[in-house]
Amino acid sequence: MKAVYPGTFDPVTNGHLDLIKRSSDVFDNLIIAVSSDNSSKNTLFTTQERVEMLKQTLFEFSIKAEVVSFSGLLIEFVQSTGAKVIIRGVRAFSDFEYEFQMSSINYRMDNSIQTFFLPSKDDMHFISSRMIKNVSSIGGNVSTFVPANVERMLIEKFKTTNTKF
């Protein structure tokens, strides 16, 4: 069965990576869908940088999954792939409440596509891309929260942009 794990992945964290690994063990075909037009999020990396970051991370960890970007409605993208499952990670109840609302809307739009909720592991529930950007932007060590290639990209990005989060 084919599944889609969508997100902004700005940047990809060890929490994301854990969900990707666990999903790739369950589903025959996993597509990591990088959202290219979520105006509610202030992205540090371009869509192409995020796609490449994920491809490099998956290669380094020998995880088989396709990485693509998409724009527009998630449900329409999932339909275009022929997938029947949307994977959503949840860290806290607040995540679940939002994701549950989204899954209900998606189900109303296409009831042949199901949403699977994967809870984060206990040691990763506090990791978020926003927090990683905040810590990294002021020179903090994020090596235990992101893959090594992502840490290098964060250091380089903040060195060249002087951006603060």
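At 7% relative accessibility, Asp-18 counts as buried, and this residue makes a good starting point for a walk through the model, which is a predicted one.

## A buried aspartate and its partners

Asp-18 sits in helix α1, which covers residues 14–26. Leaving out residues up to four places away in sequence, Asp-18 touches Lys-121 and Met-124. The contact with Lys-121 is also a salt bridge, with 3.3 Å from N to O. Lys-121 belongs to the loop between β5 and α5 while Asp-18 belongs to helix α1, so this pair ties together parts that are 103 residues apart in sequence. Unlike the buried Asp-18, Lys-121 is partly exposed, at 40% relative accessibility.

A second partner is found within the helix. Arg-22 forms a salt bridge with Asp-18, and their closest N and O atoms are 2.8 Å apart. The two residues are four apart in helix α1, so about one helical turn separates them. Arg-22 counts as partly exposed, with a relative accessibility of 23%. Taken together, Asp-18, Arg-22 and Lys-121 are linked in a network of salt bridges.

The structure holds six salt bridges, and the table shows some of them.

| Salt bridge | N to O distance |
|---|---|
| Arg-22 with Asp-18 | 2.8 Å |
| Lys-121 with Asp-18 | 3.3 Å |
| Arg-88 with Glu-99 | 2.7 Å |

Arg-88 and Glu-99 deserve a word of their own. Arg-88 lies in strand β4 (residues 85–90) and Glu-99 in helix α4 (residues 93–109), so their salt bridge ties together parts that are 11 residues apart in sequence. Glu-99 is a buried residue, with a relative accessible area of 8%.

## The chain as a whole

Now for the wider view. The protein chain has six helices and five strands. Read from the N terminus, its elements follow the order β-α-β-α-β-α-β-α-β-α-α. The C-alpha trace spans about 45 × 30 × 30 Å along its principal axes. A compact globule of 165 residues would have a radius of gyration near 15 Å, and the protein chain agrees with this at 15 Å.

Of the 165 residues, 45% count as buried. Among contacts between residues at least 6 apart in sequence, 77% join residues at least 24 apart. The chain exposes about 9,100 Å², and carbon and sulfur atoms supply 53% of that area.

Val-78 offers a look at the interior. This residue lies in helix α3 and is buried, with a relative accessible area of 0%. Neighbours within four places in sequence aside, Val-78 is in contact with Val-4, Ala-83, Ile-86 and Ile-113. By comparison, the C-alpha atoms of Val-78 and Asp-25 are separated by 20 Å, with their positions 53 residues apart along the chain.

## Backbone details

The loop between β1 (2–7) and α1 is worth a close look, as it holds Pro-11 and Phe-9. The peptide bond from Asp-10 to Pro-11 is cis, and its omega is near 0°. Phe-9 has a phi near 55°, a positive value in a residue other than glycine. With a relative accessibility of 2%, Phe-9 counts as buried.

Ser-62, in the loop between α2 (47–60) and β3, also has a positive phi, of about 55°, without being a glycine. Is Ser-62 buried or exposed? At 68% relative accessibility, Ser-62 counts as exposed.

## Aromatic rings and a nonpolar patch

The count of aromatic pairs comes to six. In one of them, the ring centres of Phe-126 and Phe-145 are 5.9 Å apart and the planes stand at 90°, so the pair is edge-to-face. Phe-126 is placed in the loop between β5 (114–119) and α5 (129–137), and Phe-145 in the loop between α5 and α6 (148–161), so the pair ties together parts that are 19 residues apart in sequence. Both rings belong to partly exposed residues: Phe-126 has 47% relative accessibility, and Phe-145 has 23%. Elsewhere, Phe-96, Phe-100 and Phe-117 form one aromatic cluster.

On the surface, Leu-73, Tyr-98, Met-102, Ile-105 and Met-109 form a nonpolar patch, and their accessible area together is about 470 Å². Leu-73 comes from the loop between β3 (66–70) and α3 (74–81), and its relative accessible area of 43% makes it partly exposed.

How values were computed:
Residues are numbered from 1 along each chain as its sequence is written. This is a predicted model: local features need pLDDT of at least 70, side-chain atom pairs count only at pLDDT 80 or more; totals for chains, interfaces and linings use all residues. Side-chain values use heavy atoms; hydrogens and water are left out. Patches are made of residues with over 30% relative accessible area and no salt bridge: like charges are joined within 9 Å, nonpolar side chains (Val, Leu, Ile, Met, Phe, Trp, Tyr) within 5 Å. Accessible areas come from the Shrake-Rupley method with a 1.4 Å probe; for residues, only the protein chains shown count as cover. A salt bridge is a side-chain nitrogen of Lys or Arg within 4 Å of a carboxyl oxygen of Asp or Glu. Buried means under 20% relative accessible area, exposed over 50%, partly exposed in between (1.4 Å probe, protein chains only). Rings of Phe, Tyr and Trp (its six-membered ring) pair if their centres lie within 6.5 Å; planes under 30 degrees apart count as stacked, over 60 as edge-to-face and the rest as tilted. Contact means heavy atoms within 4.5 Å. The radius of gyration is taken over C-alpha atoms; the globule rule is 2.2 Å times the number of residues to the power 0.38.
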